[in-house]
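Biologist: I would like a close look at one strand of this model and at what surrounds it. Please take your time and connect the strand to its partners before you turn to the wider setting.

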Amino acid sequence: MTTAKLFYAVLINATLVCAFTGGAQGLTADTISTVSYNVAAGSCSHPIAIPANNRPVLTMGTMIMYPYDGEGIVTLFRGNTQNTIVWAGVDFAAGTQNHSSSNPGDHLMSLDSNGYVDVQTAQSTHIQVCASSSFPLPRAAGYLTFAY
Amino acid sequence: MGLWFAALATNESAHASQTMIPYSLVPGGCTSPILANAQDPIFLMGTMIGAGQQGVGGVTLQTNTGDIRVFDWAGTDYKNGAEWNEDFGVGRPIMALDSSGFVQVQTAKPGYVQVCNVSGSPVAHAAGYLTLVHIGGQARESEIYYRADGLSCSAPIAVPANNKPVMVMGANIEEYTGAAHVVLRDDKNNVLQWAGTDAAVGNERNSSPFTSHIMYLDHLKGIDLQVATSTHLKVCNQTGEGTTGYLRFLY
């Protein structure tokens with residue numbers, strides 16, 4: 001069984017056991033993952049799956065192409081009742097980011113210093129990294145890290 | 001070819017340490033107190049998943065159970081944006097988990113938090129998850145105990161990864177308490193960049209190749225995380241008394 005499958009198996013099991021009203025029980029999980037991206041100006045990465053339904057996911061990212069390099073951090077979740085992504089956090093380009101969306105292509109947070117490269121909502125409650133066609137460099141590259 | 005280059009190039013995974021707690025609350029109900037690590041900073045993030053009132057939030061939290069018995073936090077939530085404060089009491093809101101502020105993470109007894117549905121009736125059934133991200137000595141996590149005498153700085157502290165996002169949680173545990181987090185990166189151009197929230201001014205975002213303020217680790221702007229070099233940080237104590245605390249890295 002892979003770590004991911006084991007994680008979800010434990011999670012489902014524990015969720016069934018730990019559902020409560022007015023009580024608190026702990027469930028320990030161990031997962032952090034990083035993906036890299038490299039996209040041309042005017043294009044987006046393939047859709048990236050948000051690694052957990054309904055659970056809060058710490059999502060932090062960088063864009064490392066100088067001189068437009070930057071970063072951002074949000075807590076987000078993918079809700080499976082309304083196919084909505086909800087997030088709150090801070091990015092270097094614009095400061096506080098708190099919003100929700102049920103549509104693909106909505107801005108979630110910037111990863112560069114000027115707002116050319118951003119994390120967007122994508123189809124089927126995935127996310128994607130997109131570089132604007134006006135991004136001055138040919139390509140944008142960096143990393144997204146999830147902890148959940 | 002374009003699609004090829006747009007593909008995700010690498011995919012890594014490792015272990016961090018989290019405790020995930022599901023909750024389900026009727027109006028007026030609270031969970032039992034949930035232990036949050038004393039003094040060491042933790043990242044606390046949560047969701048409220050009920051249709052129509054969905055929300056999310058995340059803060060770095062310090063719960064000092066010593067002589068001071070204070071809660072300090074800094075972060076963001078969907079309802080209000082930046083959230084930062086300190087409180088000595090029980091039942092004080094730390095952050096909202098829903099879109100209207102009816103479902104809250106609150107202070108509880110010293111060292112503990114609770115999730116409460118304070119709606120009365122608008123949120124008939126509040127449900128979601130609260131996750132505590134702490135450091136368990138796994139790969140891609142590290143903790144530094146810092147000490148800085150009055151009007152001096154700590155020894156340089158290495159940033160544990162290049163270019164990849166590094167979350168830094170900090171908490172000062174002496175008389176000048178506080179909690180804060182940023183995500184930062186450094187690059188081949190010898191610049192550190194960061195964006196996050198602290199308990200003194202709220203949002204912090206900037207970049208610098210040399211000595212510069214990153215975020216405060218207390219409420220009074222006395223304990224300051226600074227750039228030491230393009231690859232190292234330092235904690236500078238601008239008060240007249242010695243101080244200690246923790247920095248935790250997740251990357």
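Modeller: What follows is a description of strand β8 of chain A, then of its neighbours, and then of the chains around it. The model is predicted, and the description should be read with that in mind.

Strand β8 of chain A covers residues 117-121, and because 5 of the 5 residues are buried, the strand is largely enclosed by the rest of the structure. In a regular strand the side chains alternate between the two faces of the sheet. Both faces of β8(A) are covered here, for A:Val117, A:Val119 and A:Thr121 are buried on one side, while A:Asp118 and A:Gln120 are buried on the other.

On the side of the preceding strand, β7(A), residues 107-110, runs antiparallel to β8(A) and is joined to it by 3 bridges, with A:Met109 standing opposite A:Val119. The hairpin that links β7(A) and β8(A) has 6 residues between the strands, and within this hairpin A:Gly115 takes a positive phi near 85°.

Towards the following strand, β8(A) pairs with β9(A), residues 127-131, over 5 bridges and again in the antiparallel sense, and here A:Thr121 has A:Ile127 as its bridge partner. The hairpin of β8(A) and β9(A) has 5 residues between the strands, and A:Ser124 is the residue that takes a positive phi, near 55°.

As for the chain to which the strand belongs, chain A contains 1 helix and 10 strands, and the helix comes before the strands when the elements are read from the N terminus. Of the 148 residues in chain A, 52% are buried, and among contacts between residues at least 6 apart in sequence, 48% join residues at least 24 apart.

Chain B has 1 helix and 22 strands, and 57% of its 251 residues count as buried. The largest nonpolar core has 116 residues, and those with the most contacts inside it come from both chains, including A:Leu58, A:Leu76, B:Trp73 and B:Val183. Strand β10 of chain A, residues 139-147, gives the largest share of this core, with 6 residues. B:Val183 touches residues of chain A, among them A:Met60 and A:Ile73, as well as residues of its own chain, such as B:Met167 and B:Trp194.

Methods
Residues numbered from 1 in each chain as written. Chains lettered and ligands numbered in written order. Predicted model: local features only at pLDDT ≥ 70, side-chain atom pairs only at ≥ 80, totals over all residues. Helix = DSSP H or I, 4+ residues; strand = E, 2+ residues; numbered from the N terminus. Buried ≥ 20, exposed ≤ 12 C-beta atoms within 10 Å, placed from the backbone. Contact = placed C-beta atoms within 7 Å. Core = buried A, V, L, I, M, F, W, Y, C linked by C-beta atoms within 7 Å. Pairing = 2+ DSSP bridges. Lists of a residue's contacts leave out its neighbours within four places in sequence.
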